[in-house]
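Colleague: Could you take me closely through one part of this model, the sheet, and then what lies around it?

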Amino acid sequence: MIKILSIFGTRPEAYKMIPLVLEMRDRPEVHAEVCVTAQHRALLDQALTPFGIAPDYDLNIMTVGQTLEEITTRVLRGLPLVLKDAKPDIILVHGDTTTTFAASLAAFYAKIPVGHVEAGLRTYDKYAPYPEEMNRRLTTALADLFFAPTQVSRENLLKENISDKAIFVTGNTSIDLIKHTTRKDYRFNTEALNNLDFTKRIILLTAHRGENRGQPMENICRAALRLVRENPDTFLVWPVHPGKAVVEPANAILGGQERILLTQPLDVVDMHNLMSRSFLLLTDSGGLQEESPSFDLPTIVLREVTERPEGLAAGTLVLAGVAEDSIYNEASRLLTDEAAYKKMAAAENPFGDGQASRRIVDAIIEGNFR
């Protein structure tokens with residue numbers, strides 16, 4: 001039996017690791033345990049509870065106003081005892097968080113193999129996104145198995161001299177999760193969503209990234225307000241990230257406006273079912289860029305660069321940047337040009353077929369990390 005310890009700390013990581021944890025639980029060849037760092041405490045707990053996943057180990061590192069240095073050092077101090085107790089044959093980390101990098105470094109120090117889920121994403125700009133781009137590149141240097149979601153990610157790793165034998169193109173685990181979350185008769189946990197008028201075109205907005213704080217966030221809010229005011233058949237929903245840099249401009253510019261609903265962050269089940277009922281997505285989230293094509297949901301990316309060029313090539317994404325007029329113009333085009341909208345909605349999801357978790361576990365069971 002192979003002992004696998006999955007280590008993650010934020011809500012986005014949890015959502016992408018949940019289907020993998022569930023898959024490992026169903027495999028008799030695997031003894032699977034979970035360690036959370038709780039880099040994001042409340043949001044992480046919100047993610048795990050609906051799926052009945054209770055961590056075997058919890059570092060509980062989060063503090064108010066924590067810095068990247070503090071997150072890194074707390075993970076490095078806490079994980080050695082966990083690794084000593086769990087004695088995993090391999091650890092699994094996901095993506096590009098500070099937890100991911102620090103956990104990989106701790107495992108390296110303990111001479112424990114590292115499997116990197118969602119490996120190979122790149123912008124080649126170390127400050128965009130920050131600190132995620134360097135987190136994933138440093139994790140690449142430490143990992144032993146690389147689960148690339150797409151062929152583009154595989155090519156990125158090959159260019160960095162990663163052995164082809166260590167790379168497995170699996171699709172993205174975020175697509176796997178959808179089969180566990182969505183249904184037509186769903187009733188939302190967030191009561192305000194049950195009162196939405198779904199005869200209107202729902203514009204779903206999410207924005208939280210560090211590089212979008214300040215003027216970019218204000219631009220996003222103003223563009224959203226213009227879209228709603230100028231399109232009476234629309235309704236905007238924004239699950240607002242709890243950070244002050246997001247809450248303040250959201251409330252100041254969009255609070256109290258007609259046909260705009262600002263909610264608390266949604267759990268993944270609410271979010272997926274809302275996405276399935278929405279007309280247009282505006283987001284700076286990486287994960288939502290991958291999931292939205294599975295809902296036939298055209299997506300405007302509120303960033304200057306994206307490490308998911310597959311979506312741009314497939315036509316499921318439009319990169320708008322963070323200037324108010326650019327966001328407004330791209331969204332207006334999709335709200336008024338029926339042919340352009342239908343073309344995006346019909347584009348095939350390039351990020352996976354819902355079988356990524358199975359492929360990852362198969363690769364590990366076959367002994368590819370030894």
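Modeller: What follows goes from the sheet to one of its strands, then to an arginine in the loop after that strand, and lastly to the nonpolar cores. The model is a predicted one, and in it six strands form an open sheet in the order 10-9-8-11-12-13, paired in parallel. Strand 10 (260-263) and strand 13 (317-319) are the edges of this sheet, and because each has a single partner strand, one side of each is left without a neighbour in the sheet. From one strand to the next, the twist averages 20°.

Within that order, strand 8 (residues 201-206) runs parallel to strand 11 (residues 280-283), and 4 bridges join the two; in this pairing Leu204 stands opposite Leu281 of strand 11.

The loop between strand 8 and helix 9 (215-230) holds Arg209, which counts as buried because its relative accessibility is 9%, under the 20% cut-off for that class. The side chain of Arg209 makes a polar contact of 3.2 Å with the side chain of Glu132, and, leaving aside residues up to four places away in sequence, Arg209 touches Pro129, Glu132, Asp284 and Arg303.

As for the nonpolar interior, the largest core has 51 residues, and Phe147, Val237 and Ile364 are those with the most contacts inside it. Helix 1 (residues 11-25) supplies the largest share of this core, with 8 residues. A second core, separate from that one, has 35 residues, including Leu227, Val246, Leu282 and Ile300.

Notes:
Residues numbered from 1 in each chain as written. Predicted model: local features only at pLDDT ≥ 70, side-chain atom pairs only at ≥ 80, totals over all residues. Heavy atoms only, no water. Pairing = 2+ DSSP bridges. Axes fitted to C-alpha atoms, helices over the stretch in contact; angles between N-to-C directions. Core = buried A, V, L, I, M, F, W, Y, C linked by side-chain atoms within 4.5 Å. Buried < 20%, exposed > 50% of the residue type's maximum accessible area, 1.4 Å probe, protein only. Polar contact = N/O pair within 3.5 Å; in protein donor to acceptor, adjacent residues only side chain to side chain. Contact = heavy atoms within 4.5 Å.
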